[in-house]
Amino acid sequence: MKVKKKLRVVDSEAKLPKTRKELFNIIFKEDYYLIMDSGLVSFLFSIPLIIVFATALLLLSNAPTDGINEYVFPILFWCGLLSIPAFMIRYLGRISLFPVFKKRSFNESDFFSSLFLSSLKEYWKRGLLLGLIVGLVSFLSINALAYILVFTSFWLWRSLAIGAVIIIYFIVYMSCEYFMSVTNYYELSFSDCFKNSASFALMDLFVSLLCFVILVVIPFVSTFFISFMYYIWILLFTFIIDGLSITFITLRSHYLFDLTINQVHYKEMYRKGLLKED
């Protein structure tokens with residue numbers, strides 16, 4: 001992380017991008033250091049989770065063929081349980097990075113490190129609570145999926161049960177992603193913030209599904225079939241996906257805020273950081 005790196009801003013309003021798609025391209029091409037720094041910070045806060053998942057993979061790959069159920073279920077249970085505090089630590093860092101990208105999207109300058117640390121101080125409780133929610137739902141989901149696959153024989157009930165678990169996990173996970181953008185934008189209680197975040201996630205269903213597939217489904221499925229892919233995904237998340245996903249979700253949520261709220265109720269925030277419309 002470049003400790004003294006300052007967010008780059010445009011010095012003339014006439015040079016501001018016209019759309020958030022254009023702003024995304026500018027950040028990706030000219031401010032990639034921001035994506036890299038955020039990825040490295042996310043990696044540091046994800047180390048406990050990486051260790052837990054790596055341990056689970058190692059134990060599962062050495063599971064005996066005889067009595068595999070008696071061996072696998074305890075691994076999933078205890079590693080899933082250990083992953084809960086690890087998720088809490090990861091989200092402690094992730095929620096504190098969203099204000100950095102909000103600041104950049106608003107074309108406001110600040111030092112990366114000082115902004116991150118001040119955000120960490122302000123949002124640490126909500127970050128821990130989000131991590132607890134994601135950790136608990138992940139723990140319940142992975143154990144439920146294992147139980148369904150082993151003990152449900154009829155294909156229809158199995159399919160419905162797996163679908164229900166995935167839908168619940170999708171709603172919770174993507175609500176938490178939008179939550180991290182909503183909470184540093186509007187002053188809301190935790191419950192109101194979460195309800196609004198769930199609404200945005202479901203309202204923007206196609207984009208939410210796309211994010212969910214990239215952030216969760218593809219890494220999980222590919223690692224399930226090829227365990228070595230886990231280490232490839234660690235590199236991809238560190239150097240590309242984590243920072244890029246925060247950039248995208250921040251800009252996408254700001255678009256939704258303008259579309260549904262700011263245009264009427266917070267006109268001073270409408271299209272902030274973009275070239276004003278005539």
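Trainee: How many disulfides does a search of the whole structure find?

Mentor: Zero, and keep in mind that this is a predicted model. A disulfide needs two cysteine sulfur atoms within 2.5 Å, and the search turns up zero such pairs.

Trainee: What makes Cys176 too far from the closest cysteine sulfur for a bond?

Mentor: Its closest cysteine sulfur sits in Cys193, 10 Å away. Set that against the 2.5 Å cut-off, and the conclusion is that the two are too far apart for a bond.

Trainee: Are Cys176 and Cys79 buried or exposed?

Mentor: Both are buried, because the cut-off is under 20% relative accessible area: Cys176 has 0% and Cys79 has 12%.

Trainee: On to the rings. Why is the pair of Phe24 and Phe248 called edge-to-face?

Mentor: The label edge-to-face applies when the planes are over 60 degrees apart, and here the angle is 90°. The centres are 6.3 Å apart, which fits the 6.5 Å limit for a pair. The structure holds 27 aromatic pairs, by the way.

Trainee: What does the Phe24 and Phe248 pair tie together?

Mentor: Phe24 lies in helix α1 and Phe248 in helix α8, so the pair ties together parts that are 224 residues apart in sequence.

Trainee: What makes these two rings partly exposed?

Mentor: Partly exposed runs between the buried limit of 20% and the exposed limit of 50%. Phe24 has 21% and Phe248 has 31%, so both land in that range.

Trainee: And why is the pair of Tyr147 and Phe151 called tilted?

Mentor: The planes are 45° apart, neither under 30 degrees, which would be stacked, nor over 60. That leaves tilted, with 4.8 Å centre to centre. Both residues lie in helix α4, four residues apart, about one turn of the helix. In an α-helix, residues three or four places apart point the same way, because there are 3.6 residues a turn. Tyr147 is partly exposed at 49%, under the 50% limit for exposed.

Trainee: Which residues do ring pairs link into a cluster?

Mentor: Phe106, Tyr185, Tyr186, Phe200, Phe257 and Tyr266.

Trainee: Now helices. How do you know that the span of α7 agrees with its residue count?

Mentor: At 1.5 Å a residue, its 21 residues should span 30 Å, and the end C-alpha atoms are 28 Å apart, which agrees. There is still a bend of about 45° at Val213 in α7.

Trainee: What does α4 span, set against a straight helix of 40 residues?

Mentor: Between its end C-alpha atoms α4 spans only 50 Å, while the straight version would reach 58 Å. α4 also bends by about 70° at Tyr123.

Trainee: What covers the buried residues of α7?

Mentor: The cover includes α2, α5, α6 and α8. Among the buried residues of α7 are Ser208, Cys211 and Phe212, and Met174 touches those three as well as Ala201, leaving out residues up to four places away in sequence.

Trainee: Where does Met174 stand in the largest nonpolar core?

Mentor: Among the residues with the most contacts inside it, along with Val100, Leu130 and Tyr173. That core has 58 residues. The elements giving two or more residues to it are α2, α3, α4, α5, α6, α7 and α8. The largest share, eleven residues, comes from α3.

Trainee: What makes Met36 partly exposed?

Mentor: Its relative accessibility is 25%, between the 20% and 50% limits. Met36 is in helix α2, and its C-alpha is 7.0 Å from that of Ile240, 204 residues away along the chain. Beyond its neighbours within four places in sequence, Met36 contacts Thr238 and Phe239.

Trainee: Last one: what is phi at Asn107 and at Arg271?

Mentor: Positive in both, though neither is a glycine: near 60° for Asn107 and about 55° for Arg271. Asn107 sits in the loop between α3 and α4, while Arg271 lies in the segment after α8.

Trainee: And why are those two called buried?

Mentor: Asn107 has 19% and Arg271 has 12%. Buried means under 20%, so both qualify.

Notes:
Residues numbered from 1 in each chain as written. Predicted model: local features only at pLDDT ≥ 70, side-chain atom pairs only at ≥ 80, totals over all residues. Heavy atoms only, no water. Phe/Tyr/Trp six-rings, centres within 6.5 Å; stacked < 30°, edge-to-face > 60°. Buried < 20%, exposed > 50% of the residue type's maximum accessible area, 1.4 Å probe, protein only. Expected span 1.5 Å × (residues − 1). Bend = angle between axes of the 7 residues up to and from the residue. Contact = heavy atoms within 4.5 Å. Core = buried A, V, L, I, M, F, W, Y, C linked by side-chain atoms within 4.5 Å.
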